[in-house]
Amino acid sequence: MSTPFYQINSQEAYDKAYQNSTQNPEMFWESIAETFKWKKRWTQVLESDFIKPDVKWFVNGELNITENCIDRHLENQGNKTAIIWEPNNPNDEVRSYSYAELAKEVNKFSNILKENGITKGDRVCIYLPMIPEAAFAMLACARVGAIHSVVFAGFSAKALSDRIIDAEAKMVITSDGLVRGTKKLLLRNIVADAVQNCPSIQTVLTVKHTGDNVNTNHLDVWYHEAYEKASEAFEAETMNSEDELFILYTSGSTGKPKGVVHTTGGYMVYADYSFRNVFQYEGDDVFWCTADVGWITGHSYIVYGPLLAGSTCVMFEGIPTYPEPDRFWQVVEKHKVNQFYTAPTAIRALMACGDHHADKYEMDSLKVIGSVGEPINEEAWNWYNEKIGRGKAALVDTWWQTETGGIMISNLGKIGIHKATHAGLPLPGIQPVLLTAEGKLIEENNQEGLLAVKFPWPSMIRTTWGDHERCRQVYFSAFENHYFTGDGAKRDENGLYRIIGRVDDVINVSGHRLGTAEVENAINEHPQVIESAVVGYPHDIKGQGIYAYVICSETARKDDAMRKEMEAIVSDVIGRIAKPDKIQFVTGLPKTRSGKIMRRILRKIADGTSDSLGDVSTLLDPSVVDSIIEGKV
Ligand code: PRX
């Protein structure tokens, strides 16, 4: 098979594509969009306004993304394996689905949705473990034209109900239970708690997975029962290119998570394009992304990107350390994985368990190994490169966000300069810039600044669900005519970008994005807490840990039991991923005269650099700083 022109497989091809993409972006994207199956061609490639913002790609085009993920592959590669599912327990059976089998599963699922009243534009919440049905559910929503909102199954009942209420979802799709390592969670029971406060929910569709007894009520439909009766044929709904494909909630600097909205045509084009090029997918390669479908990485690089490209993709139910910390490498060997994509937090955790776990496996199949979600430190980069890539596989450090829909800055397989801790150059079609805080363009290299993007790309965020003004304010108001990422970055002498981290009140714990305000709001629910302030601090495994400074009422016990109570509240309100690592009881917080908490000072105390606090004399009560330093935990 000859290489498609949009598969960039050399430095020269990259340079040429990048030049084309900036000189004539519309022609560049149009030529890629032409490789997909559309029901009706677009009348205009791009309509863009970064002020409102109002961005449309492939205007008036009509399609269904699932015809591109599934149907168009049936003729030539219906028997090719689409999904290989590796269960939590290595002794359980692997389940594999060819493209033809995937078509059958998704059609049946689509009929089940339709029979239960789901139609175009309805919102469906998916709260499932990492089982093939999670992918089928997402694709079935897309096939009937419903908008899916996948909620990570580690989130609590309260976090789930907040997301259901915000999207006014009509249905939740869940399973009886979930297993990860030795832990089990009865998801259906969590859903029962959540939907008590969700009047919009008409159906709870439950997949039998663990076989546990769970609470059911009049809302329940069992998936396996509906499956028996469901037809194997389903005509995909016609969608406008700009119809919403999904909502994915993510944290920002305020307390309430926002529903990032992605639309159909542009997301499709970019998910496929970025997947093929970053991972240099070819032929019968086996690709494995270890993320959860609850995050954007799972959306773009477990489900949509790999299936659009007609690839074979591994989906893994378990965790890296079960039954032993060699599980990833065992699975790489077992399925002869060619491209492997994971997060720095997993790499650091496995590195700490010792090299022997990796050394015993044959991993010659690996051609590209990827990292995503947080900055990868030099030690982890080197270990990943040497012990896993064995100096042969190309390491790609991929920078992107829920809002960008796909990978924005990364080497493309072996192409580019591979330098530890540097994501590299932008993909052709992506135009990042560094700006000063005042919005001045930094043109020189070897400079640090705020990372923004100056030209639209097809998979960019269109709005925040139900609150367009929030989208404008958060991403498009900081710098006129630019999308602002919230990240700081440095560009080296060769133009390679190194992502430094968030410049807003967002922390990144094990690659999970959390707003400090979200965690503070949860802590403040403790009846004896008066005020709290949360910051991130460097953590060896998680990248960032959560440090909470808490002011309590005079009568509070201020002991470990109270710490545990606060942790339990945070787990209930958000989920276990948001539990503070350290809680310090304080009598006051460093505030400006206008009452704003100076988090910069709290961050320095938490990371042990309080000797460089700078001038604190402008604080309302400078003496509070010394007492916080003294009581550091
Ligand atoms: O700070 C950046 C960090 O993760 C943030 C986006 O988080 P989320 O929307 O949850 O998406 C994660 C998966 C795409 C970014 O603003 N981030 C992501 N990738 C990298 C990174 N930081 C450094 N290097 C990366 N490769």
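**Figure 1. Asp49 and Asp54 stand opposite each other in the pairing of strands β1 and β2.** In this predicted model, Asp49 faces Asp54, a residue of β2. Strand β1 spans residues 44-49 and strand β2 spans residues 54-59. The two strands run antiparallel and are joined by five bridges. Together, β1 and β2 make a hairpin, with four residues lying between them.

**Figure 2. Eight strands are arranged in an open sheet with mixed pairing.** The order of the strands is β12-β11-β8-β6-β7-β14-β15-β24. At the edges are β12 (220-222) and β24 (463-464), each of which pairs on one side only. The view also includes the contact between β24 and its partner: strand β15, residues 258-263, pairs with β24 in the antiparallel sense over two bridges. Within this pair, Val261 stands opposite Thr463 of β24.

**Figure 3. Helix α18 has buried residues on the same side.** The helix comprises residues 599-606, and its residues Arg599, Ile601, Leu602, Ile605 and Ala606 are buried. These residues lie on the same side of α18 because they cover an arc of only 155 degrees around the axis. An α-helix has 3.6 residues a turn, so residues three or four places apart point the same way. The cover over the buried residues of α18 includes two helices, α16 (516-523) and α19 (623-630), as well as the strands β29 (529-539) and β30 (543-552). Just after α18, Gly608 adopts a positive phi of about 80 degrees.

**Figure 4. The ligand is surrounded by 17 residues.** The closest of these residues are Asp397, Thr398, Thr402, Asp487 and Arg513. Backbone atoms of two residues approach nitrogen atoms of the ligand: a polar backbone atom of Glu374 is 3.4 Å from a ligand nitrogen, and a backbone N or O atom of Thr398 lies 2.8 Å from a ligand nitrogen. At Asp487, the approach is through the side chain, where an N or O atom is 2.6 Å from an oxygen atom of the ligand. Of the 550 Å² of accessible area that the ligand has on its own, the protein covers 95%. Two or more residues of the shell around the ligand come from each of the elements α10 (296-308), β20 (394-398) and β26 (497-502).

Technical notes
Residues numbered from 1 in each chain as written. Predicted model: local features only at pLDDT ≥ 70, side-chain atom pairs only at ≥ 80, totals over all residues. Heavy atoms only, no water. Pairing = 2+ DSSP bridges. Buried < 20%, exposed > 50% of the residue type's maximum accessible area, 1.4 Å probe, protein only. Arc of directions from axis to C-beta. Contact = heavy atoms within 4.5 Å. Near = heavy atom within 4 Å. Polar contact = N/O pair within 3.5 Å; in protein donor to acceptor, adjacent residues only side chain to side chain. Areas by Shrake-Rupley, 256 points an atom, 1.4 Å probe, with all protein chains shown as cover.
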